[in-house]
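Student: Hi! I have a new structure open and would like a tour. Can you walk me through it?

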Amino acid sequence: MGLIAAGITDIGMKRKTNQDAIYLNSDKHLFVVADGMGGVKGGALASSLAVKTVKERIADYAVASPEIINSAVTEANTVIHARGNQQEEFNGMGTTFVGLCFVDQRMIVVNVGDSRAYRVRNDEISKLTEDHTLVSELLRSGAITEE
């Protein structure tokens, strides 16, 4: 049996608009979620551009590699930054991003910001990614503690 995927997004309890974008491609074993930064104008556009760019960059490859995925995410960042510079109302827009791609017996995980990937196995949940936030960096450096 092949890989089956499903996805749904939710506006949450604090926002007026849903800034999520998803791309699920079971054939390529690629699954991506981007969540626009809600406090910044253009979050929905940024998440949409991120997913669209990665989808387009991966389309030409039968199998993705870490290098191809890294290049696609880097290109998405470039596209978002350029669009923000072209239109003043979108200056500074951004998105979080998390993606998984299964290649042979490996799982490639990529994340930007505080969107996370988890593994559920034998009734245990493990976080696979680290948040890219100021608080997380302060925790990692020992400058602050969980308490």
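Tutor: Happy to! Keep in mind that this is a predicted model. A good place to begin is a pair of strands: β3 (residues 95-103) and β4 (residues 106-112) run antiparallel and are joined by seven bridges.

Student: Okay, which residue in β4 is the bridge partner of Leu-100?

Tutor: That is Val-109.

Student: And what happens in the hairpin of β3 and β4?

Tutor: Two residues sit between the strands there, and Asp-104 takes a positive phi near 55 degrees.

Student: Where is Val-98?

Tutor: Val-98 belongs to strand β3.

Student: Is Val-98 buried or exposed?

Tutor: Buried, because its relative accessible area is 10%, and the cut-off for buried is under 20%.

Student: What does Val-98 touch?

Tutor: Leaving out residues up to four places away in sequence, Val-98 touches Phe-31, Val-32, Val-33, Val-110, Asn-111, Ser-115, Arg-116 and Ala-117. Take Val-110 from that list: it is 12 residues from Val-98 along the chain, and the two C-alpha atoms are separated by 5.6 Å.

Student: Let's switch to β1 and β2. How many bridges join them?

Tutor: Six, and the two strands run antiparallel. One of the pairings puts Tyr-23 opposite its bridge partner in β2, Val-32. The hairpin of β1 and β2 has four residues between the strands, and His-29 there takes a positive phi near 55 degrees.

Student: Which way do the side chains point along β1?

Tutor: They alternate. Ala-21, Tyr-23 and Asn-25 point to one face and are buried, while Asp-20, Ile-22 and Leu-24 point to the other face and are not buried.

Student: What about the largest nonpolar core, which residues touch the most other members?

Tutor: The core has 24 residues, and those touching the most other members are Val-32, Val-54, Ile-58, Ile-69, Phe-97 and Cys-101. At least two core residues come from each of β1 (20-25), β2 (30-36), α1 (43-58), α2 (66-86) and β3.

Student: Pick one of those. What is Ile-58 in contact with?

Tutor: Setting aside neighbours within four places in sequence, Ile-58 is in contact with Lys-28, Leu-30, Ala-64, Ile-68, Ile-69 and Ala-72.

Student: Now charges. How many salt bridges are there?

Tutor: The count comes to six. One of them links the side chains of Lys-52 and Glu-56, at 3.2 Å from N to O.

Student: Where do Lys-52 and Glu-56 lie?

Tutor: Both lie in helix α1, four residues apart, which is about one turn of the helix. Lys-52 is partly exposed, with a relative accessible area of 46%, and Glu-56 is also partly exposed, at 38%.

Student: Which other residue forms a salt bridge with Glu-56?

Tutor: Arg-57 does, with the closest N and O atoms 3.7 Å apart. Arg-57 counts as partly exposed, at 34% relative accessibility.

Student: And what is the salt bridge partner of Arg-140?

Tutor: Glu-130, and their closest N and O atoms are 3.3 Å apart. Arg-140 is in helix α3 (residues 134-141) while Glu-130 is in the loop between β6 (124-127) and α3, so the pair ties together parts that are 10 residues apart in sequence. Arg-140 is partly exposed, with a relative accessible area of 39%, and Glu-130 is partly exposed too, at 47%.

Student: Which residues do salt bridges that share partners join into one network?

Tutor: Lys-52, Glu-56, Arg-57 and Glu-75.

Student: Last topic, the surface. Which residues form a nonpolar patch there?

Tutor: Leu-3, Phe-102, Met-107, Val-109 and Leu-128 do, and together they have about 350 Å² of accessible area. You have met Val-109 already, as the bridge partner of Leu-100. Phe-102 is in strand β3 and is partly exposed, with a relative accessible area of 32%.

Student: Where is Leu-128 found?

Tutor: Leu-128 is in the loop between β6 and α3, and it counts as partly exposed at 32% relative accessibility.

Student: What does Leu-128 touch?

Tutor: Not counting residues up to four places away in sequence, Leu-128 touches Met-107, Val-109, Ala-117, Tyr-118 and Arg-119. Met-107 and Val-109 are also members of the patch.

Terms used: Residues are numbered from 1 along each chain as its sequence is written. This is a predicted model: local features need pLDDT of at least 70, side-chain atom pairs count only at pLDDT 80 or more; totals for chains, interfaces and linings use all residues. Side-chain values use heavy atoms; hydrogens and water are left out. Two strands pair if DSSP finds at least two bridges between them. Patches are made of residues with over 30% relative accessible area and no salt bridge: like charges are joined within 9 Å, nonpolar side chains (Val, Leu, Ile, Met, Phe, Trp, Tyr) within 5 Å. Accessible areas come from the Shrake-Rupley method with a 1.4 Å probe; for residues, only the protein chains shown count as cover. A salt bridge is a side-chain nitrogen of Lys or Arg within 4 Å of a carboxyl oxygen of Asp or Glu. Buried means under 20% relative accessible area, exposed over 50%, partly exposed in between (1.4 Å probe, protein chains only). A nonpolar core is a set of buried Ala, Val, Leu, Ile, Met, Phe, Trp, Tyr and Cys residues joined through side-chain atoms within 4.5 Å. Contact means heavy atoms within 4.5 Å.
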